[in-house]
Amino acid sequence: MDTVHIIFAGALLLLLSVLAGKTSFRLGLPTLILFLLVGMLAGSEGFGGIYFDDPQIAQFIGIIALNIILFAGGLDTRWGAVRLVLGKGLTLATLGVFITAAAVGIFAHYFFYWSWLEAFLLGAIVSSTDAAAVFSILGSTNIHLKHGIRPILELESGSNDPVAYFLTSLLAGAVLKDEMSLIPALTQLLLQLVLGVSIGYMMGKLSKWVINGIRLDFKGLYPVLALSLGFLAYACSELLSGNGFLAVYVSAVFLANSQLTQKLSIRQFFDGFAWLMQIILFLSLGLLVFPSQILAVWPMGLALAFFLMFIARPISVFIGLSWTKLDFKSKLFISWVGLRGAAPIVFATIPMVMGIASSYLIFNLVFFLTLVSIGLQGTSIPFFARLLGLVDLQVSALTHARSLALEEESKVETAEVYISEESPLIDRELADIRFPADCMVVLIIRKQQYLVPTAHTKIEAGDTLQLLASKAEDLASLQMELG
């Protein structure tokens, strides 16, 4: 293929992916699974006939994409919400990963008759929830979950990839050597986590100083500057034997909760760029797979998927959160939202690149597992949330107000909230609704019309309230009151 045909094919695949994503919302399917299917249809065994069989290139694309996705997720993380669930999220991201990997390893050893090292390698690859899948599906469902469940899931998915990546690399090397030393491995893991957090924090402070200190002539360069600093955080951590993924996420969370020049434009840039990287990542992984090989492993893949969803994941969640006050229904829902997506598939390329004999079987099993996880769990998240009574039917989750584009220097927080048909706020006047002292409704979007409200304006079903607050804590208290 010459340059023009490559550009044409790439543009066509992106266009088809975006159109498929638009259609998926109407069909109730997660967008990401359609990206994978578009890649498979365009591959060597599909209609497109594009031959792609290079796991090393796929792994490189995956690492780049995961960096951007984690950075974008970190920029949307509010410390006020995360701080309340920090212990829960980090427990699932560490202890939960180990328990899941161990449970899947035991299952693969006794049911697939694999060696212990290969079985635990499979467990390590599928042990983490996927940030891309969790961020996109929770965002697209637009439901407000009670008891701080959403920040727990987002923190877990944003911070558990480093542990799974380390375990995968460690066990892949052990399979090649046919041995593993436990104490040095745990020491190395602890070192990677400590260095990852420390370097990420320092890079976050450095990035804040650079972005606020430099005066660029073009505002469009600030997101490019942030992008370079994010990759620098990853590279510095990896070069110093830390965990690069963790460093990227920590640095982005630090920036998200700092006074930052052009923060709004940086966030908007990464929102779009992260979606682009998700499309490219899922397309490339879809191209890498051969559907005939996936079909050949469906009995093993289905057994693995059901064990992970119904046994391994619930065990890790209920043990990991046993010390918390979360009720049974909340833990059950968190267990169900253990989505597997691009990250496990990317990790599955590690043994392929290292030349492990069983690597292609592992890759095909992980790919099948991902299809089942996103297809079954991803589509049923709103249903189970409502079934378990964990959805606040009054309002949707607070998001940044679309019509109020204020820069960070204003020191004013914006948010919007959608009024559903079940909301008890309907037909009530704004004066009768208790808002925090420093929070007000400044605009109402009603049937594509923009209304400036007064104290006597009545709320109607379908309204979107645009809010201003002097600080994030006011919005958090409002969310708790309405939720």
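This passage describes a pocket, a kinked helix and a sheet in a predicted model. Residues are numbered from 1 along each chain as its sequence is written. Local features need pLDDT of at least 70, side-chain atom pairs count only at pLDDT 80 or more, and totals for chains, interfaces and linings use all residues.

The second largest pocket (on a 1 Å grid over the protein atoms alone, an open set of points with protein on both sides within 12 Å along at least five of seven lines) has a volume of about 450 Å³, taken as the space filled by probe spheres set on the points, with a 1.4 Å probe. Its lining, made up of residues with an atom within 4 Å of a point, comprises 19 residues, among them Trp 79 and Val 250, which are two of those nearest the centre. Of the elements involved, α12 gives the most, with five residues; helices here are DSSP runs (H or I, at least four residues) and strands likewise (E, at least two), numbered from the N terminus.

Helix α18 (residues 359-387) has 29 residues and spans 39 Å from its first C-alpha to its last, close to the expected 42 Å, which is 1.5 Å times one less than the number of residues. A kink of about 55 degrees lies at Ile 381, shortly before Pro 382; the bend is the angle between axes fitted to the seven residues ending there and the seven starting there.

Four strands form an open antiparallel sheet in the order β1-β4-β2-β3, where pairing requires at least two DSSP bridges. β1 (413-418) and β3 (449-451) stand at the edges with a single partner each, so one side of each lacks a neighbour in the sheet. Six bridges join β1 to β4 (residues 464-469), and Val 417 has Leu 465 as its bridge partner in β4.

How values were computed
Side-chain values use heavy atoms; hydrogens and water are left out.
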